[in-house]
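Me: I'd like to learn how to read a model like this one, feature by feature. Can you walk me through it?

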Amino acid sequence: MTLDPPVGMIMKEREVSLEVALGAQIEILRALVEVAQREQQHLIAVETDQIHVCVERRKTLLANLDVANSTTEHAVDALRNELTLSKEKAPTLSSLLRFLQPGHREQLSERCACLESLAQALGELNSINMVHAQRGMRIVRSYNALLSDNGHVQTAGVYTKTGRTLRANQAAGVFARSV
């Protein structure tokens with residue numbers, strides 16, 4: 001004859017597994033933020049080899065994040081089932097927290113806040129990195145245009161402060177100052 005574990009013990013296991021799953025997500029997001037910060041430095045310096053290394057690391061971390069997200073979803077579903085709650089009554093982790101004991105509620109709430117903060121930081125870093133990448137592309141295109149035109153600078157789209165078209169001999173100086 002086997003004895004079923006007490007309901008409180010099962011609940012505690014579900015809460016702990018959710019806490020572990022959230023912890024894994026936090027660690028992966030921290031690593032993604034670090035990669036985005038390094039990537040930003042390499043984008044500013046236009047170091048293509050190092051940018052490629054960052055992109056590959058990001059791909060690996062994103063694959064790990066997918067697994068961690070799936071684990072968290074299963075932990076949330078298991079906890080929701082243990083509490084006999086429908087998905088409509090507790091559709092998100094935040095809404096599920098209010099049904100937990102106060103001690104675990106605070107711990108899980110802190111982890112949720114940390115996840116939200118890291119996700120926001122990562123989003124901001126990605127936006128800034130996009131701006132730096134676009135800047136780098138403009139520099140490379142301008143440099144390529146200079147090289148491919150045998151020293152003749154194309155002035156289409158280059159204007160003075162007052163809006164007048166810039167002469168060819170002035171445009172070369174504009175490129176030198178913008179880089």
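Reply: Sure, let's start with one side chain: R58 counts as buried, at 16% relative accessibility. Keep in mind that this is a predicted model.

Me: Why does R58 count as buried at 16%?

Reply: The cut-off for buried is under 20% relative accessible area, so a residue below that value gets the label. R58 has 16%. E39 is buried too, with a relative accessible area of 8%.

Me: What do the side chains of E39 and R58 do?

Reply: The general idea is that side chains of opposite charge can pair when their charged atoms come close. Here, E39 and R58 meet in a salt bridge, with 2.0 Å from N to O. E39 sits in helix α1 and R58 in helix α2, 19 residues apart, and the pair links distant parts of the chain.

Me: How many salt bridges does the structure hold?

Reply: There are six salt bridges. One of them is formed by the side chains of R14 and E82, at 3.8 Å from N to O. R14 belongs to helix α1 and E82 to helix α2, so this pair ties together parts that are 68 residues apart in sequence. As for exposure, R14 is partly exposed with a relative accessible area of 28%, and E82 is partly exposed with 24%.

Me: And what separates R30 and E27 along the helix?

Reply: R30 and E27 are three residues apart in helix α1, which means about one helical turn lies between them. Their salt bridge has its closest N and O atoms 3.0 Å apart. R30 is partly exposed, at 38% relative accessible area, and E27 is also partly exposed, at 47%.

Me: Let's zoom out. How many helices and strands does the protein chain have?

Reply: A good habit is to list the elements before looking at details. The protein chain has five helices and zero strands, and along the sequence the pattern reads α-α-α-α-α. Then look at burial: of the 179 residues, 29% count as buried. Contacts add another view, since you can sort them by sequence separation. Among contacts between residues at least 6 apart in sequence, 61% join residues at least 24 apart. For the surface, the chain exposes about 12000 Å², with carbon and sulfur atoms supplying 55% of it.

Me: Which residues line the second largest pocket?

Reply: With a pocket, ask about its space, then its lining, then the elements behind that lining. The second largest pocket holds about 170 Å³ of space. Its lining is made up of L22, Q25, L29, L65, N69, T72, L93, S94, C112, L115, E116 and A119. By type, that gives seven nonpolar, four polar and one charged. Helices α1 (7–45), α2 (48–82), α3 (93–97) and α4 (102–148) each supply at least two lining residues, and α4 gives the most, with four.

Me: L93 is in that lining. How far apart are R80 and L93 in sequence and in space?

Reply: Here it helps to put the two distances side by side. R80 and L93 are 13 residues apart in sequence, and 9.3 Å apart in space from C-alpha to C-alpha. R80 lies in helix α2 and is buried, with a relative accessible area of 5%.

Me: What is R80 in contact with, leaving aside its neighbours within four places in sequence?

Reply: On that count, R80 is in contact with L85, S86, K87, A90, P91 and L96.

Notes. Residues are numbered from 1 along each chain as its sequence is written. This is a predicted model: local features need pLDDT of at least 70, side-chain atom pairs count only at pLDDT 80 or more; totals for chains, interfaces and linings use all residues. Side-chain values use heavy atoms; hydrogens and water are left out. On a 1 Å grid over the protein atoms alone, a cavity is a set of points where a 1.4 Å probe fits but cannot get out, and a pocket is an open set with protein on both sides within 12 Å along at least five of seven lines; lining residues have an atom within 4 Å of a point. Grid points are joined across faces, edges and corners, and a volume is the space filled by probe spheres set on the points. Ala, Val, Leu, Ile, Met, Phe, Trp, Tyr, Cys and Pro count as nonpolar, Asp, Glu, Lys and Arg as charged, and the others, Gly among them, as polar. A salt bridge is a side-chain nitrogen of Lys or Arg within 4 Å of a carboxyl oxygen of Asp or Glu. Buried means under 20% relative accessible area, exposed over 50%, partly exposed in between (1.4 Å probe, protein chains only). Contact means heavy atoms within 4.5 Å. Accessible areas come from the Shrake-Rupley method with a 1.4 Å probe; for residues, only the protein chains shown count as cover.
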